[in-house]
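The following exercises are to be worked with the sequence and the three-dimensional structure at hand. Each task is followed by a solution set out in steps.

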Amino acid sequence: MLRPEELGEGDREHWRELRAKSQSPRSPFMEPEFAVAVGRVRPAARVAVLREDGETAGFLPFERGPLGQGRAIGLGVSDRQGAVLRQGPAPDVRALLRSCALSSFAFDTLEAEQTLFTPYAAEPHAAPVIDVAGGYPAYEEVLRARSPKFLKTTLAKERRLGRRVGDVRFVFDECDPAALRTLMAWKSAQYRRTGRRDRFARQWITRLLHDLAATRAPECAGTLSVLYASGRPVAAHFGLRSATVLACWFPAYDPAYAKYSPGLVLHLRMAEAAAAAGIGLLDLGRGSAEYKDSLKTGELTVYEGAATRPGAGAALHRLGREPVRRTHAFVRARPRLAAAAAGVLRGVGRVRRG
């Protein structure tokens with residue numbers, strides 16, 4: 001049992017080798033650098049290093065709460081979760097939890113290939129993706145075939161933005177810290193406007209983003225993309241990238257330019273730049289949204305749930321999380337109810353602003 005930063009370089013390299021052999025897309029959230037970054041801002045973060053016959057068999061990054069309630073490391077912001085294991089027979093889950101002094105292990109974006117924990121999944125979720133492995137022109141052809149009006153309209157708005165506001169410029173990997181602060185301010189305002197909890201009001205998340213912005217590992221690099229018009233940022237996105245996957249994480253735009261759909265333009269330019277860099281997949285993250293439906297070429301499946309072993313901690317987990325999860329699932333399954341709930345949240349946002 002180690003704090004993430006206590007992992008030696010040998011263990012970190014073995015972790016990377018195991019991920020390279022995985023059949024899952026190489027999400028940067030599943031790399032040791034992400035676990036180490038979370039460990040710097042979350043004191044309860046740990047990594048269980050699994051040994052068998054004197055050899056390293058895998059890693060389980062997690063956070064430990066009261067009564068041994070465990071959760072995937074970075075749960076709430078991490079877009080991919082699970083154990084990193086070598087191929088072969090999986091360990092016994094309850095024995096693993098016991099060894100980690102955990103009564104439960106909760107997850108909300110578990111990789112579909114995580115056979116160790118998928119038997120404990122309570123609910124599947126779609127994670128839309130953009131496949132640009134065939135190059136950006138091929139992706140545009142997919143959009144034209146599926147929804148020619150969407151692509152034509154978005155590109156026309158990009159040209160209109162240039163004519164009416166000023167020269168449009170896109171930077172795939174912006175290093176200006178002021179641009180990151182601008183993005184976070186936009187995103188905080190969006191959370192409040194839509195009645196949702198402001199993630200950036202939580203200091204550990206803000207610190208985590210600044211840490212990851214400086215991370216430049218080959219399989220986990222913070223990437224700030226910015227769309228400028230007349231030298232001013234109008235849309236931005238912060239995410240993580242590996243050599244093959246760009247994990248789309250925090251997008252936002254300046255509402256003053258909403259009529260030009262700068263967020264959609266930004267995502268098209270991100271797809272173009274990612275393809276040019278050899279990245280084959282943009283992972284838009286769990287959950288549905290109109291912009292995701294317009295941009296996606298397919299979907300991956302992730303899972304929500306918790307592995308537990310008998311005890312007070314497991315009972316506390318079920319009492320604390322299951323009613324909320326089931327309520328959310330009930331609402332999501334009923335579009336009219338979901339729309340009404342979204343309207344209530346917007347009303348809360350208006351009250352907050354007032």
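## Overall composition

The protein contains 11 helices and 13 strands. The model is a predicted one.

**Exercise 1.** State what percentage of the residues count as buried, and what share of the contacts between residues at least 6 apart in sequence join residues at least 24 apart.

*Solution.*
1. The protein has 354 residues, and 51% of them count as buried.
2. Among contacts between residues at least 6 apart in sequence, 74% join residues at least 24 apart.

## Helix α1

**Exercise 2.** Compare the expected span of α1 with the distance between its end C-alpha atoms.

*Solution.*
1. The expected span is 1.5 Å times one less than the number of residues.
2. For the 13 residues of α1 this gives 18 Å.
3. The end C-alpha atoms of α1 are 19 Å apart, which agrees with the expected span.

**Exercise 3.** Determine how the buried residues of α1 are arranged about its axis, and identify elements that cover them.

*Solution.*
1. A residue is buried if its relative accessible area is under 20%, and exposed if it is over 50%.
2. By this criterion D11, R12, W15, R16, L18 and R19 of α1 are buried.
3. Seen down the axis of α1, the buried residues fall within an arc of 160°, so they line one face of the helix.
4. The general geometry fits this reading: an α-helix has 3.6 residues a turn, so residues three or four places apart point the same way.
5. On the other side of α1, the residues G10, A20 and K21 are exposed.
6. The cover over the buried residues of α1 includes the helix α2 (32-41). It also includes the strands β1, β2, β4 and β5 (104-111).

## The second largest pocket

**Exercise 4.** Describe the second largest pocket by its volume, its lining residues and the elements that supply at least two of them.

*Solution.*
1. The second largest pocket holds about 800 Å³ of space.
2. Its lining is made up of 36 residues, and those nearest the centre are A57, V84, L85, R86 and Q87.
3. At least two lining residues come from each of α1 (9-21), β1 (45-52), β2 (55-64), β4 (84-85) and α3 (93-99).
4. Sorted by class, the lining of this pocket comprises 16 nonpolar, 10 polar and 10 charged residues.

## The cavities

**Exercise 5.** How many cavities of 30 Å³ or more are counted, and which residues line the second largest cavity?

*Solution.*
1. The count comes to 2 cavities of 30 Å³ or more.
2. The largest cavity has a volume of about 100 Å³. Of its 15 lining residues, F29, M30, P61, I73 and G82 lie nearest the centre.
3. The lining of the largest cavity has 10 nonpolar, 3 polar and 2 charged residues.
4. The second largest cavity contains about 50 Å³ of space. W186, A189, Q190, R193, A252, Y253 and P255 form its lining.
5. Two or more residues of that lining come from each of α6 (177-193) and β11 (245-253). Helix α6 gives the most, with 4 residues.
6. By class, the second largest cavity is lined by 5 nonpolar, 1 polar and 1 charged residues.

## Three individual residues

**Exercise 6.** Decide whether Q81 is buried or exposed, and list its contacts beyond four places in sequence.

*Solution.*
1. Q81 is located in the loop between β3 (69-72) and β4.
2. Its relative accessible area is 1%, so Q81 is buried.
3. Apart from residues up to four places away in sequence, Q81 touches M30, A72, L75, F107, D108, T109, L110, E111 and Q114.
4. The C-alpha atoms of Q81 and S27 are separated by 9.4 Å, although these residues are 54 residues apart along the chain.

**Exercise 7.** Carry out the corresponding analysis for G239 and H267.

*Solution.*
1. G239 belongs to strand β10 (residues 232-241). With a relative accessible area of 0%, G239 is buried.
2. Leaving aside neighbours within four places in sequence, G239 is in contact with A221, G222, T223, A247 and W249.
3. G239 and P28 are 211 residues apart along the chain, and their C-alpha atoms are separated by 9.5 Å.
4. H267 lies in helix α8 (residues 262-276). Its relative accessible area is 3%, so H267 is buried.
5. Outside its neighbours within four places in sequence, H267 contacts P251, L284, Y291 and L295.

Note on methods: Residues are numbered from 1 along each chain as its sequence is written. This is a predicted model: local features need pLDDT of at least 70, side-chain atom pairs count only at pLDDT 80 or more; totals for chains, interfaces and linings use all residues. Side-chain values use heavy atoms; hydrogens and water are left out. On a 1 Å grid over the protein atoms alone, a cavity is a set of points where a 1.4 Å probe fits but cannot get out, and a pocket is an open set with protein on both sides within 12 Å along at least five of seven lines; lining residues have an atom within 4 Å of a point. Grid points are joined across faces, edges and corners, and a volume is the space filled by probe spheres set on the points. Ala, Val, Leu, Ile, Met, Phe, Trp, Tyr, Cys and Pro count as nonpolar, Asp, Glu, Lys and Arg as charged, and the others, Gly among them, as polar. Buried means under 20% relative accessible area, exposed over 50%, partly exposed in between (1.4 Å probe, protein chains only). Contact means heavy atoms within 4.5 Å. The arc is that of the directions from the helix axis to the C-beta atoms.
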